[in-house]
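Thank you all for making the time this morning. I would like to walk through one model with you, beginning with its sheet and then moving outward to the parts that call for more caution.

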Amino acid sequence: MGPHGEVQRAGVSAAGAARDGRAPTAPAPAYTIGSDATERDRLRSQTDELHEHAVALLDRVGVQPGWRALDLACGPRGVLELLADRVGLDGTVVGLDINPVHVAQARELARLHALHTVHVAEADARRTGFAPASFELVHARLLLVNIRDPQAVVAEMVRLVRPGGWVACEEADGGAMLCDPADRAYDRLMEAFRTLYERSGADVFIGRRVPRLLGDAGLTEIGVEARADVPPPGHPRRTVILDLLRAMRAKVIDAGLLSAQELDQLDHAAREHLADPRTLVMPHLSFMAWGRRPTLAC
Ligand SMILES: C[S@@+](CC[C@H](N)C(=O)[O-])C[C@H]1O[C@@H](n2cnc3c(N)ncnc32)[C@H](O)[C@@H]1O
């Protein structure tokens, strides 16, 4: 690691992006959730909750010992441990995030878990500053759903992967936010959630678009798998959208979508409904998509 946290190993350099400790000037990301301890814990728990998805995605790609792997927008944890385990001691894992608090939290995680092959850099995923073709795998989870210009991120992912290497994404899709029996409070909150995302310029239905984005960016051997999880009673994923809305409370109120009182009442009523073991909830769809950078120029 360089003096400013930049990564310099095996042709991987984030110096251009991280030299001054800040991301290059760019429009603010639409990520509207924050980085306090509650959000850190929510994201770290989410890594456990989405473990099976991540394992399935990395299995599809066939991550090998010795690979250089990048977890773009890793947040406070992402898939850093899983990647470190797969690439082994001869490999390298780089985490990258635009949020300096998440970067510090990910570095703390790597230190506490003695993940010596993991390095974390602060930069914008759209212009990382890494050298081209630096990685065998570039992975991103729940990044594209949070930004206005997903094509720019995908283009950067393709630039960073070496010919023959893989790009892999997991993204949510709000096309099937189901609750049965229907509940007025839950419906109202889902509507506020979708409206907030739409207004931020992000696409809450991005999951289904990811394979197309990868193909449009020149990748081949595109694969896709969708999962529609129905968390059982008591499972933390049951309330994932309500938890996100809680984390975005100030944004919801500032946007005039709901008053603080309405938000609290709806949240309380919806949580009671979801606590009923007879209620079925499918919070969203998850799309996993992957593609390979061609080895030969056409
Ligand atoms: C929903 S979190 C997902 C974190 C992690 N990938 C995971 O699955 O646990 C989204 C992350 O994207 C990061 N992010 C948003 N816009 C970004 C950008 N333009 N460049 C890099 N990171 C970004 C946020 O700081 C946040 O850590």
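**The sheet and what surrounds it**

Seven strands make up an open sheet of mixed pairing, and their order across it is E5-E4-E3-E6-E7-E11-E9. At the edges stand strand E5 (118–122) and strand E9 (220–227), each of which has a single partner strand, so one side of each is left without a neighbour in the sheet. From one strand to the next the twist averages 15°, where axes are lines fitted to C-alpha atoms, for helices over the stretch in contact, and angles run from 0 to 180 degrees between N-to-C directions. When I speak of helices (H or I, at least four residues) and strands (E, at least two), I mean DSSP runs numbered from the N terminus, and two strands count as paired if DSSP finds at least two bridges between them.

Before going further, I should say that this is a predicted model, in which local features need pLDDT of at least 70 and side-chain atom pairs count only at pLDDT 80 or more, while totals for chains, interfaces and linings use all residues. Residues are numbered from 1 along each chain as its sequence is written. In total the protein has eleven helices and eleven strands, and buried residues make up 49% of its 298 residues. Buried here means that 20 or more other C-beta atoms lie within 10 Å of the residue's own, exposed means 12 or fewer, and partly exposed is in between, with C-beta atoms placed from the backbone.

Let me turn to strand E6 (residues 135–141), where seven of the seven residues are buried, so the strand is largely enclosed by the rest of the structure. On one hand, strand E3 (residues 68–72) pairs with E6 in the parallel sense over four bridges, with Ala69 standing opposite Leu137 and Leu70 opposite Val138. On the other hand, E6 pairs with strand E7 (residues 161–173), again in the parallel sense, over six bridges; here Phe135 has Val161 as its bridge partner, and Leu137 has Trp166.

How do E6 and E7 connect, and in which hand? Together with helix H6 (residues 150–160) they make a right-handed β-α-β unit, right-handed meaning that, with the strands pointing away from the viewer, the path from the first strand over the helix to the second runs clockwise.

Ten of the 13 residues of E7 are buried, so E7 too is largely enclosed by the rest of the structure. Eight bridges join E7 to strand E11 (residues 285–292), and these two run antiparallel, with Glu171 in E7 having Phe287 as its bridge partner in E11.

**Residues in the interior**

Leu72 belongs to strand E3 and is buried, with 27 other C-beta atoms within 10 Å. Beyond its neighbours within four places in sequence, Leu72 is in contact (C-beta atoms, placed from the backbone, within 7 Å) with residues including Val138, Ala140 and Met157.

The largest nonpolar core, a set of buried Ala, Val, Leu, Ile, Met, Phe, Trp, Tyr and Cys residues joined through C-beta atoms within 7 Å, holds 85 residues, of which Leu80, Leu137, Val167 and Leu189 touch the most other members. Helix H7 (residues 184–200) gives the most to this core, with eight residues.

**Unusual backbone, and caution**

Most residues other than glycine have a negative phi, and most peptide bonds are trans. Against that background, Ala73 has a positive phi near 60°; Ala73 lies in the loop between E3 and helix H4 (80–87) and is buried, with 24 other C-beta atoms within 10 Å. Ala133 also has a positive phi, about 55°, but Ala133 is partly exposed, with 15 other C-beta atoms within 10 Å. A cis peptide bond, with omega about 0°, joins Asp180 and Pro181, and Pro181 is found in the loop between strand E8 (178–180) and H7.

Finally, the mean pLDDT, which is the predictor's confidence in each residue from 0 to 100, is 89 for the protein, and 88% of its residues reach 70 or more. Over residues 1–30, however, pLDDT stays under 50. Where pLDDT is low, the predicted coordinates should not be read in detail.

Note on methods. Two residues are in contact if their C-beta atoms, placed from the backbone, lie within 7 Å.
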